[in-house]
Amino acid sequence: NMMAELEIFEDIFSPCVTGTITLTDTVDLVNSFPFVGEEKIVIKIKTPGVPSKLKEAKFDQQYYIYKMSDRKVLGDKNVFYVLHFCSFELLADANIKLSKSFDGKISDIVKKIIKTEVIKSDLELQVEETKNSFKYISNFWSPYKNINFLTERAINASGVPNYVFFENRRGLNFVSLSGIFATNPHESYVYDSFERKTTDQ
């Protein structure tokens, strides 16, 4: 009942999910449970009418609260504020700097950075195999900076260099735009300029 608005941002050109939740606090949680910047927020959303066996039927994710903004006192024990949250992987990225060499197929290097060597993320990882290999030295770069560097140089099996790295509700994705375009559409829409008139029955 305290929530006024929830926004979750997924961007195909952004390596992590961010969002905001706007609250109208009438029980003075800010003072009862002080926010120190290390809180976790669990978001569970269910879509009515969608079969529960489908992944799209529910949204169940955990995020890290990193900022509070726009705090306004509306009355006695009535406070309005916005909490900003992000995925846990973004925190790992902000606190890790790599100074080492990497060598091998680009897709394998990305897997190593995310799953085994650096971030150790529990999110599902979708990696499209790359055609080319690469060798370079990370000069105290963060994991995501390394991956973005590799994204610019990755080439898919068709010889097209259009890879992107992003996070969505299903996990982390290192895929080419060509591969995304080749998948079957989830929904189809028709757009035209025809004006449809309705008559009263």
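This report walks through two sheets, the helices that lie across them, one serine, one lysine and a pocket, in a model that is predicted.

**The five-stranded sheet**

Let's start with the open sheet of 5 strands, whose order is β1-β2-β5-β4-β3 and whose pairing is antiparallel. Its edges are β1 (3-9) and β3 (40-46), each of which pairs on one side only. From one strand to the next, the twist averages 30 degrees.

Here is how some of the strand pairs in the model line up, with a bridge partner for each.

| Strand pair | Sense | Bridges | Residues facing each other |
|---|---|---|---|
| β1 and β2 | antiparallel | 6 bridges | Met3 and Leu23 |
| β2 and β5 | antiparallel | 8 bridges | Asp25 and Val79 |
| β4 and β5 | antiparallel | 8 bridges | Ser69 and Val82 |
| β7 and β10 | parallel | 3 bridges | Gln126 and Asn173 |

Strand β2 covers residues 18-25 and is mostly covered, with 6 of its 8 residues buried. Strand β4 takes in residues 58-75, while its partner β5 takes in residues 78-86. Helix α2 (residues 88-95) lies across β3, β4 and β5, and runs at about 80 degrees to β4.

**A look at Ser69**

Ser69 sits in strand β4. Across from Ser69, in β5, is Val82. Why does Ser69 count as buried? The cut-off for buried is under 20% relative accessible area, and Ser69 counts as buried because its value is 18%.

If you set aside the neighbours within four places in sequence, Ser69 touches Tyr81, Val82 and His84. With His84 there is also a polar contact, side chain to side chain, at 2.7 Å.

**The three-stranded sheet and helix α4**

There is also an open sheet of 3 strands, ordered β7-β10-β9, and here the pairing is mixed. β7 and β9 are the edge strands with a single partner each, so one side of each has no neighbour in the sheet. Ignoring direction, neighbouring strands of this sheet are turned by 15 degrees against each other on average. The β7 to β10 pairing is parallel, with 3 bridges, and Gln126 stands opposite Asn173 in β10.

Helix α4 lies across β9 and β10, at about 140 degrees to β9. This helix spans residues 143-151 and is mostly covered, since 7 of its 9 residues are buried. Those buried residues are Pro143, Tyr144, Asn146, Ile147, Phe149, Leu150 and Thr151.

What about Lys145, which is also found in helix α4? Lys145 counts as partly exposed because its relative accessibility is 45%, and the partly exposed range lies between the 20% and 50% cut-offs. The C-alpha atom of Lys145 is separated by 9.9 Å from that of Leu98, although the two residues are 47 residues apart along the chain.

**The largest pocket**

Finally, the largest pocket has a volume of about 390 Å³. Which residues lie nearest its centre? They are Gln126, Asn168, Arg170, Ile180 and Thr183, out of 15 residues that line the pocket. At least two lining residues come from each of β7 (125-127), β9 (163-168), β10 (171-176) and α5 (177-182). That ties the pocket back to the second sheet, whose strands are β7, β10 and β9. Gln126 turns up in both places: among the residues nearest the pocket centre, and as the residue opposite Asn173 in β10.

Notes. Residues are numbered from 1 along each chain as its sequence is written. This is a predicted model: local features need pLDDT of at least 70, side-chain atom pairs count only at pLDDT 80 or more; totals for chains, interfaces and linings use all residues. Side-chain values use heavy atoms; hydrogens and water are left out. Two strands pair if DSSP finds at least two bridges between them. Helices (H or I, at least four residues) and strands (E, at least two) are DSSP runs, numbered from the N terminus. Axes are lines fitted to C-alpha atoms, for helices over the stretch in contact, and angles run from 0 to 180 degrees between N-to-C directions. Contact means heavy atoms within 4.5 Å. Buried means under 20% relative accessible area, exposed over 50%, partly exposed in between (1.4 Å probe, protein chains only). A polar contact is a pair of N or O atoms within 3.5 Å; within protein, one must be able to donate a hydrogen and the other to accept it, and residues adjacent in sequence count only if both atoms are side-chain atoms. On a 1 Å grid over the protein atoms alone, a cavity is a set of points where a 1.4 Å probe fits but cannot get out, and a pocket is an open set with protein on both sides within 12 Å along at least five of seven lines; lining residues have an atom within 4 Å of a point. Grid points are joined across faces, edges and corners, and a volume is the space filled by probe spheres set on the points.
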